[in-house]
Amino acid sequence: MRRFPFLTYLGPGLLYAGAAVGVSHLVQSTRAGAVYGYGLLAVVLFANFIKYPFFVVGTKYTIVTGKSLLDGYESLGRLPIWIFFCISVGTMCIIVATVTLVTSGLFSNLFGLTLEPWLLCAMILVFCFLLLAIGKFKALDGLMKWIVVLLTVATIAAMVLSFYAGIPKLSTPGKSFSISNLSDVAFLIALMGWMPIPIEAAVWQSDWTLARKTSDGKLPPMKYAMIDFNIGYIGTTLLAVCFLALGSNMMYNTGMEFSSQAVGFASELVKLYTTAIGSWSYPIILVAAFFTMFSTTLTCFDAYPRVVSNASRRLFPTLQKFTTEKLYWYCILLVGVGSVLLLLFFRTNMKSLVDFATTVSFLNAPVLALIHHLILFGKEIPKEERPKPWMNLLSWFGILFLFGFSIYYINITFF
């Protein structure tokens, strides 16, 4: 451990990875490869690249100031807090329902269950509730390290072997992406919406970093905190590429398509791995995929109540009589019940729900990106701790691109 001191501080970055490697990777990246081949590979890399400044602020601001990123929001006035609160409350049940629905499909395949999706989702969320109540943050922190490593190894192995799988291809050319095609642009928006994860996750990262304080209130040194963050961020980017390659090598131009239902999609996803690696790997891959999506469900189920309770106490003085922990548990119940009711009454298919949730996140992204830029290069972070000038330019480019492409999508969709 002395030779690799940064290992002591690994945690929040892996929690970020556990949350990110879910719908955006297992579902959207794999679908991108299956439908468009390698046509959207540059898009995946581009989305991760331009969003980097908007996520790194969660770690950098917290280590420099010792405060939550929401304090950074508050330093800009009450409007940014209100924006964050409205976005989080407006999307938290949709996002948790989405990731839990995908998890339920893998759960059904794992145990051979045929229960209603909303009931399976309710069972999964109850188990998440109990895990957080009994083990709290330590359980979440410890579990994630093993899950991320297991899935990473399995995905890289399957991706490499998929180049030698010899899958028969159709003689006609496969589908290619067109920027003038509305359905193609809609999928592009959905792919980029959670690539690598919704931008509000920077606040999650900040609060997870604070939760890792030592007993004497110390945070990790900036050097090691950034190593932790970069391992998580770069690792999720590479895994997104692996999932796209796996989908392309195994399904593109074969005539096969993913099911729009959670159970069918989960079965087809696992078959991609087992076709590449071998049938013997089916139970291993299924378990790894399930725990990967379960980790995403668990982290989202923990993160939204954590940040919403924090924001609520800042906006509503009457809630000051409640501790942040008590509000956290009230929000946990609200998110859990709201997510199950959403699945029960709307009964939407997985593909539609995923595309809707990711598109909403993309349309929210420009506003949050601008707020994060103002914090990252604001007065609370000393000049010597701010990113290099090239990242300032990258940040402004990312903001302009996100605003511009959102306007373009709205224009071609509604006008």
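Which helices each supply at least two residues of the lining of the largest pocket? Let's work through that and a few more exercises together. Residues are numbered from 1 along each chain as its sequence is written. The model is predicted, with local features needing pLDDT of at least 70, side-chain atom pairs counting only at pLDDT 80 or more, and totals for chains, interfaces and linings using all residues, while side-chain values use heavy atoms and leave out hydrogens and water.

**Exercise 1. Describe the largest pocket and its lining.**

Step 1: Start with the term. On a 1 Å grid over the protein atoms alone, a pocket is an open set of points with protein on both sides within 12 Å along at least five of seven lines, a cavity is a set where a 1.4 Å probe fits but cannot get out, and lining residues have an atom within 4 Å of a point.

Step 2: Take the volume, which is the space filled by probe spheres set on the points, with grid points joined across faces, edges and corners. The largest pocket holds about 510 Å³. Its lining has 27 residues, and Arg 31, Val 35, Phe 187, Glu 257 and Lys 351 are the closest to its centre.

Step 3: Find the helices, which are DSSP runs (H or I, at least four residues) numbered from the N terminus. α2, α7 (182-193) and α13 (350-376) each give at least two lining residues, and α13 has the largest share, 6 residues.

Step 4: Sort the lining by class (Ala, Val, Leu, Ile, Met, Phe, Trp, Tyr, Cys and Pro are nonpolar; Asp, Glu, Lys and Arg are charged; the others, Gly among them, are polar). There are 15 nonpolar, 7 polar and 5 charged residues.

**Exercise 2. Do the same for the largest cavity.**

Step 1: The structure has 2 cavities of 30 Å³ or more, and the largest contains about 80 Å³ of space.

Step 2: Its lining has 13 residues, with Ala 19, Trp 194, Ile 197, Pro 198 and Thr 296 nearest the centre. Helices α1 (12-20), α2 (23-36), α5 (78-111) and α11 (282-315) each supply at least two lining residues.

Step 3: Counted by class, this lining is made of 10 nonpolar, 3 polar and no charged residues.

**Exercise 3. Decide whether helix α8 is enclosed or not, and look at Trp 204.**

Step 1: Ala 201 lies in α8 (residues 201-211). Ala 201 is buried because its relative accessibility is 2%, where buried means under 20% relative accessible area, exposed over 50% and partly exposed in between (1.4 Å probe, protein chains only).

Step 2: Widen the view to the helix: 9 of the 11 residues of α8 are buried, so α8 is largely enclosed by the rest of the structure.

Step 3: Trp 204 is one of the buried residues of α8. Leaving out residues up to four places away in sequence, Trp 204 touches Ala 19, Ile 197, Cys 300, Ala 303, Tyr 304 and Val 307, with contact meaning heavy atoms within 4.5 Å.

**Exercise 4. Place Thr 297 in its surroundings.**

Step 1: Thr 297 is found in helix α11 and is buried, at a relative accessible area of 0%.

Step 2: Its side chain makes a polar contact with the side chain of Thr 103 (2.8 Å). Such a contact is a pair of N or O atoms within 3.5 Å; within protein, one must be able to donate a hydrogen and the other to accept it, and residues adjacent in sequence count only if both atoms are side-chain atoms.

Step 3: Beyond neighbours within four places in sequence, the contacts of Thr 297 include Val 99, Ile 124 and Cys 128.
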